[in-house]
Amino acid sequence: MSEFDIVVIGGGPGGYVAAIRGAQKGARVALVERDKLGGTCLNRGCIPTKALYYSAKTLSTVRKAEAFGVTTGKVSFDLSKAVGRKDDVVGRLVGGVGQLLKGNGVEVMTGEGFLEAAGKVRVTGPDKAGTTDTPGTIGAKSVIIATGSEPAMIPAFNIDRENVLTSTEALNLKKLPESLLIIGGGVMGCEFATIFSKFGSKVTVVELLPTILSTEDKQVVRVVAKSLKEAGVEVLTGVTVEDVEAGGGGEGEVKTRLQDGRVFTTEKVLVTIGRSFNSDGLGLEDLNVGMERGRIVVDEHMATSVPGVYAIGDVTGGMLLAHIASVEGGVAAANALGGSETMDYSAVPAGVFTDPEIASVGMKEKDAKEKGVEVKVGRFPYAASGKALAMAEADGFVQMIADPGTDKVLGCSIVGAHATDLIGEVALAVKAGLKVKDIIGTVHAHPTLPEVVMEAAEDVHGEAVHKIGRKR
Ligand code: FAD
């Protein structure tokens, strides 16, 4: 039986990073993956959605070309080509992960991982890619479970993966649906609404809560809601879907019944709510690994209730974000090798790829209000930025939250072009406990979008140069 210091089960952004981190520390590491390396993020999540998002953005930029003095011919769009480009991007990255694992000396095993005991992993095949040379049982001083999550198959929605889709099928459509009803107005729902409305589908979003993107500040949501409306997206909030019925008439015949009696008929329905954790069939019950409604319970060291068994990423049910899975992977690998690292969730940036984008880190204004925490708020609009105007990206603003006593940066929300890139500066400030005056005192190049972040910081002190009327 082959012996390893660490065996990682699952090769997504949690698992492959954990494996590389372990190998960088000199450990003998094996990684077991039943499907493609890169997991949900590379194959069915972050990367494919963003590849299609940039096809959609390019299309809308070309349509606006006249405003820049550029005359184009008739503009057309081919979804199958956009999906082909997406597949190329994914293939390149998946191949890259394989090279990185190999280059770091990680032994990659294809097949299904199963915990026979705390220090024993059985690898059974064939895996989904059809490989049959599985190595049987391998020994592990520590095991890191990084098996991720999948779309939940909610019975009332009759998901058939042809007409009623999960995010996975929505990324691989061959033909653009004329009409698409999206169940769920959260991050995923709004990203798909942005993409498909720009492609030319008639999109309807149905959300149970009183607002889409309910975790964001109201003013932030308002900017995105306006742009979705302008793109022709119909957003229904505070409504419950009773059931979904596909088939009967083939294409264009999915009926979505709302609890208030309304019925919508669309070509496709996309369900973006609910993820189920991949914790079944791993042997966790027999080992008495602590679980809670399908997720693996871990402490701040990413350790489960069983010594030598760690879990990271989506399967632990925390923030379902790729970068969180990766950082947790590093913590678990260090601890599997005798370290005592802890996870710090105090400055986790999050992005939403709507148009304009949303990004946030740390405290939001609504969090402060809900908790009754007194904060200082600085706000600066993109419309007052020379760079934003030159780019024809005047919608949105940066909102900085600070502690009135210490001047420390507590958080920031950005809605506007490149928000997901801009948030990095503030994430560093929050994580390092920097003050608003540290951002103000940092020279920001002109003309750039980071100046909008700097002026929002200046506005906390009532000193933004390009904003009138704020009293000190
Ligand atoms: P996964 O990426 O799910 O990987 C788990 C891996 O384990 C899979 O490859 C699976 O095949 C394998 N596996 C499972 N069971 C076994 C077994 N028994 N044996 C062997 N292998 C097994 N996050 C962001 O941060 N930014 C985004 O923009 C973003 N966009 C997203 C868009 C969509 C449409 C979706 C669905 C998700 C998105 N996410 C995004 C979330 C992100 O993809 C996940 O948080 C991330 O992939 C979780 O990583 P993970 O390693 O925990 O699990």
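**Cavity, pocket and the surroundings of T420**

In this predicted model, the residues that line the largest cavity divide into 6 nonpolar (Ala, Val, Leu, Ile, Met, Phe, Trp, Tyr, Cys and Pro), 4 polar and 1 charged (Asp, Glu, Lys and Arg), with the others, Gly among them, counted as polar. The lining comprises P151, A152, I159, T166, S167, M188, V271, T272, I273, G274 and R275, where a lining residue has an atom within 4 Å of a point of a 1 Å grid, and a cavity is a set of such points where a 1.4 Å probe fits but cannot get out. The structure holds 1 cavity of 30 Å³ or more, and the largest cavity contains about 50 Å³ of space, the volume being that filled by probe spheres set on the points.

The second largest pocket (an open set with protein on both sides within 12 Å along at least five of seven lines) has a volume of about 400 Å³. Among the 17 residues lining this pocket, S60, K64, K198, S227 and D355 are the closest to its centre, and two or more lining residues come from each of α3 (46-63), α6 (187-199) and α7 (218-230), helices being DSSP runs (H or I) of at least four residues. The lining of the second largest pocket divides into 5 nonpolar, 4 polar and 8 charged residues.

T420 is part of helix α12 (residues 419-432), and its side chain is joined to that of E357 by a polar contact of 2.6 Å (N or O atoms within 3.5 Å, one able to donate a hydrogen and the other to accept it). Residues up to four places away in sequence aside, T420 touches G351, V352, F353, E357, I358 and A359 (heavy atoms within 4.5 Å).

Residues are numbered from 1 along each chain as its sequence is written, and side-chain values use heavy atoms, without hydrogens and water. Local features need pLDDT of at least 70 and side-chain atom pairs count only at pLDDT 80 or more, whereas totals for chains, interfaces and linings use all residues.
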